[in-house]
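Visitor: I would like a close look at one part of this model, strand by strand and residue by residue. Please then set that part beside the rest of the chain.

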Amino acid sequence: MRHPNETDLALYAGRELGWFERRRVARHLTECALCRREAEAFGAARAELAASAVEIPAEVNWGRLAAEMRANIHVGLAAGECVGSAEVEPWPFFRRAAATVVPVALLLLAGWWLQSDRPHPAEMAAEEGVVLRATSEGIELREGGRLLSLQNHDSQDVTYTVSMQGAIRARYVDSETGQVTINHVYAQ
């Protein structure tokens with residue numbers, strides 16, 4: 001159960017809440033004795049304050065009290081200006097710089113990470129036995145210390161397809177002859 005805050009309870013006691021909020025708080029008060037007692041205490045304090053307002057003596061010089069209040073407000077504002085002008089925000093430049101540099105650094109870090117030499121899915125095969133690997137030069141088949149390489153020199157837009165069954169396919173257009181070449185290597 002989520003309890004209303006003290007402000008809502010005080011406004012409820014003074015009948016100053018909006019219709020929807022008043023209904024929500026009233027529904028809660030029917031179920032929660034603790035909040036109901038607190039709202040009743042706010043209502044009693046409000047009634048006590050209203051009763052004491054009647055007891056204000058008539059002989060009070062309201063003009064003099066108002067002048068004293070204005071003077072106190074002016075003194076407080078002047079003191080605030082003195083203190084406020086002496087305070088300088090300690091690191092305003094560095095906060096703005098950090099707000100600019102940190103996102104840029106994160107962007108550069110993400111770019112570096114994406115461009116770093118991460119293992120190709122074909123390289124993630126077990127190091128023991130036969131390993132198929134697609135490189136920028138072509139397809140490599142490694143077994144023990146031996147290497148077989150199918151190279152695709154001077155070709156653009158090479159499309160590699162790697163299957164989970166242990167096969168790599170490279171498709172590309174040879175730039176010299178214009179022929180489509182498909183290399184398909186299976187490993188067992």
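**The antiparallel sheet and its surroundings**

Guide: Happily! Let us start with strand 2 and strand 3, which are paired in the antiparallel sense over six bridges. Please keep in mind throughout that this is a predicted model. Two cross-strand pairs help to fix the register here: Arg 142 is found opposite Leu 147 in strand 3, and Glu 140 faces Ser 149 in strand 3. The connection is a hairpin, with two residues between strand 2 and strand 3. Look in that turn for Gly 144, whose phi is positive, at about 65°.

Now go to the other side of strand 2, which covers residues 138-143. There, five bridges join strand 2 to strand 1, and the two run antiparallel. Again a pair of positions shows how the strands line up: Val 131 stands opposite Arg 142 in strand 2, while Ala 134 stands opposite Ile 139 in strand 2. Arg 142 is thus a handy landmark, with Val 131 as its partner in strand 1 and Leu 147 as its partner in strand 3. The link from strand 1 to strand 2 is a hairpin too, made through three residues.

Put together, the three strands make an open sheet in the order 1-2-3, with antiparallel pairing. Strand 1 (130-134) and strand 3 (146-151) are its edge strands, each pairing on one side only. On average, and with direction ignored, neighbouring strands of this sheet are turned by 15° against each other.

Let us step back to the whole chain for a moment. Five helices and six strands are present, and from the N terminus on they follow the order α-α-α-α-α-β-β-β-β-β-β. The chain has 188 residues, and buried residues make up 16% of them. If you take contacts between residues at least 6 apart in sequence, 28% of these join residues at least 24 apart.

From here, visit the other end of the element order, where helix 1 (residues 6-13) and helix 2 (residues 19-31) meet: their axes come within 10 Å and cross at roughly 100°. With angles of 65 to 115 degrees counted as roughly perpendicular, helix 1 and helix 2 are therefore roughly perpendicular to each other. On the helix 1 side, the contact uses Asp 8, Leu 9 and Tyr 12. Their counterparts in helix 2 are Glu 21, Arg 22, Arg 24, Val 25, Ala 26 and Leu 29. By type, the residues of this contact divide into five nonpolar, four charged and no polar.

Asp 8 deserves a pause. This residue belongs to helix 1, and because its relative accessibility is 15%, Asp 8 counts as buried. Leaving aside neighbours within four places in sequence, Asp 8 is in contact with Leu 17, Glu 21, Arg 24 and Val 25. Compare Arg 15, which lies in the loop between helix 1 and helix 2: its relative accessibility is 65%, so Arg 15 counts as exposed. Arg 15 also has a positive phi of about 55° although it is not a glycine. For context, most residues other than glycine have a negative phi.

The largest nonpolar core also draws on these helices. Its eight residues are Leu 9, Tyr 12, Leu 17, Val 25, Leu 29, Cys 32, Cys 35 and Ala 39. At least two residues of this core come from each of helix 1, helix 2 and helix 3 (33-54). Take Cys 35 as one member: with neighbours within four places in sequence left aside, Cys 35 touches His 3, Pro 4, Leu 9, His 28 and Leu 29.

Apart from that core lies another, of six residues, and this one brings us back to our starting point: Ala 134, Ile 139, Ile 168 and Val 185 are among its members. You have met two of these already, as Ala 134 is the residue opposite Ile 139 in strand 2.

Technical notes: Residues numbered from 1 in each chain as written. Predicted model: local features only at pLDDT ≥ 70, side-chain atom pairs only at ≥ 80, totals over all residues. Heavy atoms only, no water. Pairing = 2+ DSSP bridges. Helix = DSSP H or I, 4+ residues; strand = E, 2+ residues; numbered from the N terminus. Axes fitted to C-alpha atoms, helices over the stretch in contact; angles between N-to-C directions. Parallel < 35°, antiparallel > 145°, perpendicular 65-115°, else oblique. Contact = heavy atoms within 4.5 Å. Nonpolar A, V, L, I, M, F, W, Y, C, P; charged D, E, K, R; others polar. Buried < 20%, exposed > 50% of the residue type's maximum accessible area, 1.4 Å probe, protein only. Core = buried A, V, L, I, M, F, W, Y, C linked by side-chain atoms within 4.5 Å.
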